[in-house]
Amino acid sequence: MSVIGLWRDGKAGGALAAGLEAAGFSVRSVTNAASLPGDCQGLVADLALLDRHGDTVRSLRAADSDGFPVVAVLPDGGDEATVVRALTVADEVVREPVGSAELAARLRLLSALRRCRVEAREEKAVLAWKVKTLGCLADVHAVIQRFDQPREALFRGIAALIPPAMTRPLAAGARVLADGQAFASPGFTPGPYRLSFPLARSGQPDAALEIHYADAAFSPEETALARVVAERLERTLMRLRSDEALRREREYSALLVDTLPGGVVRLDRKGAIVFCNPRAEAILELTARGPGALAYDAPDFAPETLDGHILPPGGHPFDRVMATGKPVYDMVLSIARPTAGRLFVSVSAAPLTGPDGGLDGVVASVVDVTAQKDMERQLAHALKMESLGQLAAGIAHEINTPVQYISGNLEFLAKALSRLVELLDAQSALVLASRAGAQDLPERLAAMLADEDLRFVLEETPAAIRESREGLDRVAAIVGSMKRFAHPDMEGARPLDVGEAIDDALAVSRSAWKYVADVETDIEEGLPLVPFVPGEFNQVLLNIIVNAAQALEEKSAGSGDKGSIRVSAARHGDAVRIAISDTGGGIPETARPRVFDPFFTTKPVGKGTGQGLAIVHAIMMRNKASVDFISRPGQGTTFFLTLPLTGTAPIQA
């Protein structure tokens, strides 16, 4: 603190000034005529000087109220009125004579008291500002937490709360720029002093919070408060934006789930249906079922496999997902309906994970494929009939050949029988003539028996009969193959003799390959029976063999050369593997990925439907078997059919 001593002329102020300096004060001495300095922080003056410069001292104290103690030094004879007059300017009055130590102590005490008052005043002001700030932020938080309020109400509420929180509320105004509009506080007028805080993360590049002052700049505390409000508003807008996006996504998801052509079902850990969309409710006919229908294994569902077998324990998609934690795709089931028999559904199921990391349930899609399965059966039957129709002419030719030589042999036997009848008639006549006295009977009988035509008839008749029987056996074999191929004994899967099925398929398709290929078979002896639907297995073999014959026909077109078709079957681990190879032109590299696609064909228009191999693939998948192939351009193709075994016994000779 600087202490400026103002002493009367002629007084011994030097010793007092020196004492103050020794006490740690800076001392400046002035004369009566000197003007009062403007940088002083404290005064020690006599009464006369205070009287002359009272107004100046008051103005200096007003400008620097934090630390400006004034001590008046009065003459010894000063009365109480003089003291009162001095105290209107000074903080304290001391009488002469006064020592420097006493004066220094009084100055320190006075300075300490003034600092305490200043600090208390500052703390009170800071506390008041903090209370005001916290009140403003609490009000802002309350406005922000009003859910479902219009955005306009949010913006106007925030703008209205800011001016009262400023130091000079009447001179302040605020507004929120958002949604292409300005939402201002009541009585808002733009001012020359402005704070602007962008709200860019709200998703609106031009959004901002503005605070205006009409008369002065903003203090750091006001700027900090405005920044905090802007940050909270920005976070709120971000949340509203996320909430709006989430709401739209929920609406879209709900709309999507409600309009899906397939059903969606959610089941809890116990397998009870806790949600299903309208399509699932219609497919499962839940409204027509009893209260127990909410369980996936309810008896009135009676789920079965595609082939009509009861599901084994743990075989339901729900059980499989809960047991393995892995999805199940496109499992076709047959379920009972309350109103109209059974229907086929394709079920895909996936696990739902709960907060604890465990399985919380299963979500499944359910698609009604009854019409599709009916169409598949009809299409497979139609294609089978089409294939049989195409082979009918060849089969008729195969039957016609033995029938022709049977007919020829019968005609020969008829003539031979007539010739024998004539011989017998002639012999009878000779016998009658010999009784009448003819003597040359032996010679004439010998001549009859020596007839060359008769001997030819007698020698060829057994051969004609044998050939006719062989022809009839050939016709019977062809008819039997056709019967087994076109009319299996039963529709469901049953143990199947692979070798016999291959022989039947080759017999039925003989007309398709006999002019373009030599066929070779290699069937391992003692092959076990394979569980398969006989008619479907015949269809698989026929489609692949006919495809091979057509590939050979295309390769040898116009050349007359024959190719080769080789069919082999052997035990392959827990399965029987059939390989059907041809020496045709092979499958182009670009076409291989689509070989099993429906309606895809490499044949000319009108030659192929693109359904043969697609049906082969569908049949194999349906019977839990597999089909694959390898192909080399210009060298041919080999199809592999892998048929799994289920503990069936080998064929008994």
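Here are some short exercises with worked solutions on the predicted model shown above.

**Exercise 1. Helix α12**

Decide whether helix α12 is largely enclosed by the rest of the structure, and find what contact sits at its start.

*Solution.*
- Step 1: Locate the helix, which covers residues 498–508.
- Step 2: Go through its residues and pick out the buried ones, meaning those under 20% relative accessible area. You should arrive at Val 498, Gly 499, Ala 501, Ile 502, Asp 504, Ala 505, Leu 506 and Val 508.
- Step 3: Eight of the eleven residues are buried, so α12 is largely enclosed by the rest of the structure.
- Step 4: Now look at the start of α12, where Asp 497 brings a side-chain oxygen to within 3.1 Å of the backbone nitrogen of Gly 499.

**Exercise 2. Asp 179 and its partner**

Find which side chain meets Asp 179 in a salt bridge, and say where the two residues lie.

*Solution.*
- Step 1: Recall that side chains of opposite charge can pair when their charged atoms come close.
- Step 2: The partner is Arg 151, with an N to O distance of 2.9 Å.
- Step 3: Place the two residues: Asp 179 is in the loop between β6 (172–178) and β7 (181–184), while Arg 151 belongs to helix α5 (residues 151–165). The pair links distant parts of the chain, 28 residues apart.
- Step 4: Check the accessibility. Asp 179 has 33% relative accessibility and therefore counts as partly exposed; Arg 151, at 32%, is also partly exposed.

**Exercise 3. More salt bridges**

State how many salt bridges a search of the whole structure finds, then work through the pairs of Glu 234 and Asp 522.

*Solution.*
- Step 1: The search gives 17 salt bridges.
- Step 2: Glu 234 pairs with Arg 201, and their closest N and O atoms are 3.3 Å apart. Glu 234 sits in helix α6 (residues 220–259) and Arg 201 in the loop between β8 (193–198) and β9 (208–213), 33 residues apart.
- Step 3: Glu 234 has 9% relative accessibility, so this residue counts as buried.
- Step 4: Asp 522 meets Arg 566 at 3.1 Å, N to O. Asp 522 is in strand β16 (residues 517–523) and Arg 566 in strand β18 (residues 563–571), so the salt bridge ties together parts that are 44 residues apart in sequence.
- Step 5: Asp 522 is partly exposed at 38%, and Arg 566 is partly exposed at 32%.
- Step 6: Finish with a network: Glu 244, Arg 247, Arg 248 and Glu 251 are joined by salt bridges that share partners.

**Exercise 4. Aromatic rings**

Count the aromatic pairs in the structure, and describe those of Phe 155 and Phe 629.

*Solution.*
- Step 1: There are four aromatic pairs.
- Step 2: Phe 155 pairs with Phe 183, with 5.1 Å centre to centre and 40° between the planes, a tilted arrangement. The pair links helix α5 to strand β7, 28 residues apart.
- Step 3: Both rings belong to buried residues: Phe 155 at 0% and Phe 183 at 2%.
- Step 4: Phe 629 and Phe 639 have ring centres 5.5 Å apart and planes at 35°, so this pair is tilted. Phe 629 is in strand β20 (residues 626–632) and Phe 639 in strand β21 (residues 636–644).
- Step 5: Phe 629 is buried at 14%, and Phe 639 is buried at 6%.

**Exercise 5. Charges over rings**

Identify which ring face lies under Arg 168 and which under Arg 577.

*Solution.*
- Step 1: Arg 168 lies over the face of Tyr 213, 4.1 Å from the ring centre.
- Step 2: Arg 577 lies over the face of Phe 640, at 4.4 Å from the ring centre.

Terms used: Residues numbered from 1 in each chain as written. Predicted model: local features only at pLDDT ≥ 70, side-chain atom pairs only at ≥ 80, totals over all residues. Heavy atoms only, no water. Buried < 20%, exposed > 50% of the residue type's maximum accessible area, 1.4 Å probe, protein only. Helix = DSSP H or I, 4+ residues; strand = E, 2+ residues; numbered from the N terminus. Polar contact = N/O pair within 3.5 Å; in protein donor to acceptor, adjacent residues only side chain to side chain. Salt bridge = Lys/Arg side-chain N within 4 Å of Asp/Glu carboxyl O. Phe/Tyr/Trp six-rings, centres within 6.5 Å; stacked < 30°, edge-to-face > 60°. Lys NZ or Arg CZ within 6 Å of the ring centre and 35° of its normal.
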